[in-house]
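The exercises below are to be worked with the sequence and the model side by side. Each has a task sentence, followed by a solution in steps.

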Amino acid sequence: MATEESNNPAPPAPSLPQYPEMIIAAIEALNDENGSNKSAISKYIESTYRDLPAAHPTLLAHHLNKMKQNGELAMVKNNFMKPDPNAPPKRGRGRPPKPKVPLPPGTVLPPPRPRGRPPKPRDPFAPLSPVKKKSPSGSGKPRGRPPKKPKVADSAGPPGAAGIPTPVASRPRGRPPKVKPPVAAVGC
């Protein structure tokens with residue numbers, strides 16, 4: 001019995017057409033002059049074709065976007081429609097490029113200029129000097145503000161041992177509070 005079941009394959013499931021074909025068929029069947037929105041296309045496909053995959057909404061959105069990018073569909077006010085064949089091609093953003101003048105045959109183009117500022121001209125008669133290591137700022141000092149040195153008290157104080165400096169208590173950060181003048185009592 002087990003051999004009979006394995007020899008008989010399951011009946012083939014009716015194959016679905018590709019999503020672009022289903023989308024075009026839905027737009028043609030709905031035949032709306034303003035185009036069809038995504039939900040109308042989805043409802044038509046769900047009612048016409050059975051056994052759609054579980055990811056049908058995601059697949060439909062993906063294929064609609066892909067067809068819009070390729071120019072197979074035009075989108076007007078969130079409605080998809082077939083593009084008008086007589087319409088002029090959509091122009092891209094920005095200024096159109098200048099038309100290129102054809103060069104005569106046999107012309108050799110010079111190499112393109114490198115980016116950036118050209119180097120200063122060197123004096124060919126100057127003596128060669130040894131290569132120096134270039135510092136980043138041009139001077140001998142490192143860049144930026146030097147680190148702050150910790151304040152230390154002299155070694156005469158009792159808190160530290162003789163010869164070992166101790167840090168001094170510094171003022172708190174920020175502006176000191178405003179001193180209020182004492183209020184004079186008004187006598188009778």
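**Exercise 1. Classify aspartate 51 by its accessibility, then describe its place and its backbone.**

Step 1: aspartate 51 has a relative accessibility of 60% and therefore counts as exposed, where exposed means over 50% relative accessible area, buried under 20% and partly exposed in between, computed with a 1.4 Å probe and protein chains only.
Step 2: aspartate 51 sits in the loop between H3 and H4, helices being DSSP runs of H or I with at least four residues and strands runs of E with at least two, numbered from the N terminus.
Step 3: the phi of aspartate 51 is positive, at about 60°, although this residue is not a glycine. Most residues other than glycine have a negative phi.

The model used here is predicted, so that local features need pLDDT of at least 70 and side-chain atom pairs count only at pLDDT 80 or more, whereas totals for chains, interfaces and linings use all residues. Residues are numbered from 1 along each chain as its sequence is written, and side-chain values use heavy atoms, with hydrogens and water left out.

**Exercise 2. Carry out the corresponding analysis for asparagine 31.**

Step 1: asparagine 31 belongs to the loop between H2 and H3.
Step 2: its relative accessible area is 64%, so asparagine 31 is exposed.
Step 3: asparagine 31, which is not a glycine, has a positive phi of about 50°.

**Exercise 3. Set out the secondary structure of the chain and state what share of its residues is buried.**

Step 1: the chain comes to four helices and two strands, and from the N terminus on these elements run α-α-α-α-β-β.
Step 2: of the 188 residues of the chain, 10% count as buried.
Step 3: histidine 63, placed in helix H4, is buried, with a relative accessible area of 17%.
Step 4: the C-alpha atoms of histidine 63 and tyrosine 19 are separated by 6.7 Å, although these residues are 44 apart along the chain.

**Exercise 4. Determine which residues of the largest nonpolar core touch the most other members, and which elements contribute to this core.**

Step 1: a nonpolar core is a set of buried Ala, Val, Leu, Ile, Met, Phe, Trp, Tyr and Cys residues joined through side-chain atoms within 4.5 Å.
Step 2: the largest such core has 13 residues, of which Ile23, Ile41, Ile45, Leu60, Leu64 and Leu73 touch the most other members.
Step 3: two or more residues come from each of helix H2 (19–30), helix H3 (38–48) and helix H4 (56–70), and H2 gives the most, with five residues.

**Exercise 5. Find how many salt bridges there are, and locate the partners.**

Step 1: with a salt bridge taken as a side-chain nitrogen of Lys or Arg within 4 Å of a carboxyl oxygen of Asp or Glu, the count comes to one salt bridge.
Step 2: glutamate 28 pairs with lysine 82, the closest N and O atoms being 2.8 Å apart.
Step 3: because glutamate 28 lies in helix H2 and lysine 82 in the segment after S2, the pair ties together parts that are 54 residues apart in sequence.
Step 4: glutamate 28 is partly exposed, with a relative accessible area of 46%, and lysine 82 likewise counts as partly exposed, at 41% relative accessibility.
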